[in-house]
Amino acid sequence: MAEQEASGLQVLLSTLQSSQDKDVILNILSVLTNLLPLGTSRRIHYVISKGGSEALLQALATAARAEPPDHGTLLPLLRLLARVGQRDRKFGLKVQKAEATDIILSLARRNLGCHLHLTHCLWVLRVCASNVTTGTTLGINGAMELLFKVITPYSKRHVRTVRAAIEALAALLKSKSNSRRAVNKGYLGGLLRLYQDWHHKDVSNNYIYIRRALLLCLKHITNIQLGRETFLGSQGMEILFTSVQDCLPCKTLDPIINTAVQILRKCYPKEPLPVTTVGSSYSFPLPGKAKAESSCERSEGDYESDGEEETEKDLDHEDMESKEEDYDLETDVNKLRSRPVLDWPKEELVQYEAMCQELCHDFQELDSESEEEKSLEDRTESLFSTPSHFIPSATSVKHPNYRWKSQTVTEMGPDPGEKNFKIPRQSWTRTEKCRWNLIDEKRDIAEGAQDADSCEEEDPARSHTLTLRPLPKEAAWYKKMFCPDCEASISSSPGGRLESSDEVANLLEKHQREIPFHSPHFYMARAKCVKSIAGYKDLAFPDFWGHQPPPYSKPMLERKYGVQRDKVLDDVRRLIQPGDVTGRTVFDLDEPSPSSPGAPGCLKFFSKFESGNLRKAIQVREFEYDLIMNADVNSNQHHQWFYFEVRDMKLAVPYRFNIINCEKFNSQFNYGMQLVMYSVKEALQGRPRWFRAGYDICYYRNHYCCSAAAGGSTRGKCYYTLTFSIKFPHKDDVCYLAYHYPYTYSTMMSHLDILECSRNPKKVYWRQQTLCQTLGGNPCPLLTITAMPDSKKRDDLRQFYNRPYVFLMARVHPGESNASWVMKGTLEFLVSGDPIADLLRKCFIFKIVPMLNPDGVINGNHRCSLSGDDLNRQWLTPSSQLHPTIYHAKGLLYYLCSIGRAPLVFCDYHGHSQKNNVFLYGCSIKETLWQAGCMVDTAVITEDVGYRTLPKILDKVAPAFVMNSCSFLVEKSRESTARVVVWKEMGVLRSYTMESTYCGCSHGLYKGLQLGTQELEEMGSKFCLGLLILHLKSLPCSKKVMAQAALLLDLEEEITDRAQRSCSNSNLETDDEPPCGEEIDYNTDSCSDGEGDLELDREIQECLSWVEGEVEDEGVATEQTCSSKAPRGLYISSQPASDNRALPLRSTALGVYSGFKGSPA
Ligand SMILES: [Zn+2]
């Protein structure tokens, strides 16, 4: 059947090309017109695929030669050409091939006097010009001059023709050489005046499409620098800005407003960021390197570059992108399959033996229950010192004996009795009160003291004093809260900080609510030992005080209609009305004493604390601030993470903040994500929490840029603004704003302290060592967690030694604090009294590096370490000097492999800023080759599909996890990531990156909700459950384990079923960017005019009724005389013009085509 149709259509088309018989041609045109109902593209694409465009162009060439011209044939032919041509992506090329540009131009010239014919020609001209090269040819041949003869100031006459001419001009101006020619001929000013004229006179908004088409001309012409300069010189900004103000109240004028706003954004003069240098405010001298590359040198005129050469833009952008992605896939089978030999020298590897002492521990102490009760004070004191573990460093690596100097014994301590550890099931996380102060932990006091000494010896700055950020003591609420009867003593220390520990203790005593697994004292103790580049002297209140997740999760923010354009217009107003702009710097990391300090009524900012990131704050207007993030240390980019304090706010006032140096192309902030806020006053009133905050949030490209020379990378040349508004909950409060729930290094260290003492040492083998020192001199902890052997009997010990390893890491990217919350959930579960955790510990030995990039986290970086390197791109050849944590993590993994103990599962926890849900990236040869379109000889390549088991399990047990978001492709650009290197070099089949969204979920139980720390922590614990199920499914288990598992997991299965049921009705699609109220245009370069195929169709449709002589608002009387005398009934539908639906097929005319409906799309 399909063949029959195809051949029938081909006969028609070839007849059309060759026939000289007018009636035959007319009838074929009539059949084609009926075949291709208006408003649908499917059949047109089919006709194009069969050579429809070429046939029509050939017919046009023939018809145009006829003298006198036969309009009866030409008009339907031009209509078909316009409709087919606009859907044919190769149309421009075909026009050139058929040498039809001249034909169309001369047809138009000859018909200048007849508007109906002229309009038809202009439609085709416009379609031809959609190809840049063809458009350029048309421009050279005088098309624009021709069009300017047709385009008139405001008039009610011939509006169809005027419209067709302006739209054709807009299409021509997509060619940059046409734009240059137009500017040089003074057309830009002309277009502006025409636009103004139509804007002012079209008071009833009858000709919106003409006004918009004029704007489209301006939009394209300002794509070149000369165009933008001329536009600015012609008062274009003022003219458009003013006209938009008139349009704003009327929603039907949105197309005009949106296009005008696009032009305003693009023409806003480019400026460098208002900072002295783009390089980070912090620099760190690297071992063995002279100076880190950074600093963005400025040179005038450097900021504009057009790439003015003409390029064929016929390729669909999406196609290009997917091609690029596929290009990135590793398709070299040998590379994919290669399993490099372990090439680390044995003497290098031997140092890691000390990190695997569980493999030779004899557990003699299991018998000797020597109880040495320690007093509470001792216990607290000993915790404040860092236990001295083996710390390999660049120097110690060379001397393997060094490692025996001191060893931790924390995992060996006998416990004071079971009674303290009966943690009720199901309550191990949130409701469980931390019991560290009840627990006696065997720690040698002398050793603790020694540690403290050595700490001081090494570096006197190591244990510095830190002060909690001062609370606004002058505020009435503070006095009322803290000192109802001693106001005098408070005011005697003006601006005083909470310096004395007495005061802090007092504060805690009065207000502290127990937050599980958090202790302000432990936090402060740990924070004192942190080494930061800026030498932090302050503690941020939220990290000290703690965060207790709210009992509810917040839905994603609904985007307010038009929020982006409102914000952009507000930005443009700075240029139009410069008098309004304050431009006062109120905070500057580079200049500690700002030029205009303490201006009244102005917010105060601060960011010099752990993980803090804010470089500069500029008050723009009374309640609006521009904020600039600091680049990663020793780099000039990676601006994404922010965390700062703000105070002295007024109540119920919406403050607008603009973070003006974002770099990513798009952001989840455009799709419902909010930032997080912490209010000190709220915390003191019993609600210590980070919560999602901010409204009117959007993310768009702004006018700031970095010179091309200094950008360093190809991107980063222009910046984006994240804007949000906030109403603070209290007056004169101290609030903190952050990109995502902060989780500092000290939070992690104190969390480990608490976990260590809250565990049951009889059941939980816990060992905390230091993997290595970071560049910045901070210890990077390594944990070993497993179950204590049941006894020291041989069988039990053998079971203990033979447990497979699971290797987990997190936070290699410091800005991905979500990864730390997931890790927190994992750790709390692993040491908990939950019977499932108990069983899990008996199945595996966990090696965990909870924070691979402490320096980055401490110094407020987003992506890199102090060396300015992305540590997750260093796994192929990490440097022991520059990337010590990666070097030693890889060394430890290598060591495990070398003794035949490669981990069963390796997982690196990350955060994802573009996608929703939690998901895994894994590695598969076959899936990669298939995706890349390579032939896969399945007989040669055998691959264990075991890598899919864990994500499948997680999809069932973890509500935030979505299997459909997972990917198992190996990209070339990822070849130096932990996941790929561990998979390839160590042969770990289940090597993953776990990505957690910053935003929320698109599927399952949490669909439509933003994730909070509670959901992230739950993910961490469910990951553990997934590991247990994986073990039961994939590995041989003892009867005992199976019996226990059967008992426990029945219950769990029930939970799983329930979770599944609740999400089963959501059909899975991998759409990470839900639609929002307005078209998000974050890229001003977009060449699309946002017009669908339908618009030209509509014009043609309307014109048909015009041809048929329906009531018209223009002077059609004269034109009808030259209109077609052809038997219209045959090929023109009698559908009423108002009906835009497809014309019905006429079965009589179709004949053999009755089966066309089912033809391939
Ligand atoms: Zn990451």
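This short talk walks through one sheet, a helix that lies across it, and the nonpolar cores of this structure. Please keep in mind throughout that what we are looking at is a predicted model.

Let me begin with the sheet, which is open and is built from six strands in the order β3-β5-β6-β8-β12-β11, with mixed pairing. At its edges stand β3, residues 584-588, and β11, residues 695-705, and because each of these has a single partner strand, one side of each is left without a neighbour in the sheet. If we ignore direction, neighbouring strands here are turned by 25 degrees against each other on average.

Within that order, we can look at one pair in detail: β5, residues 616-621, and β6, residues 624-628, run antiparallel and are joined by five bridges. To give one example from this region, A617 has L627 in β6 as its bridge partner.

Turning now to the helix, α28, which covers residues 563-576, lies across β5, β6, β8, β11 and β12, and it runs at about 45 degrees to β11.

Which residues touch the most other members of the largest nonpolar core? That core has 150 residues, and the ones in question are F541, F605, F657, Y736, F846 and Y909. The helix that gives the most to this core is α39, residues 1013-1034, with ten residues. As for Y909, if we leave out residues up to four places away in sequence, its contacts include L808, M809, V822, M994 and F1023.

Finally, there is a second, separate core of 114 residues, and among its members are L122, W198, V261 and C698.

Definitions and conventions:
Residues numbered from 1 in each chain as written. Predicted model: local features only at pLDDT ≥ 70, side-chain atom pairs only at ≥ 80, totals over all residues. Heavy atoms only, no water. Pairing = 2+ DSSP bridges. Helix = DSSP H or I, 4+ residues; strand = E, 2+ residues; numbered from the N terminus. Axes fitted to C-alpha atoms, helices over the stretch in contact; angles between N-to-C directions. Contact = heavy atoms within 4.5 Å. Core = buried A, V, L, I, M, F, W, Y, C linked by side-chain atoms within 4.5 Å. Buried < 20%, exposed > 50% of the residue type's maximum accessible area, 1.4 Å probe, protein only.
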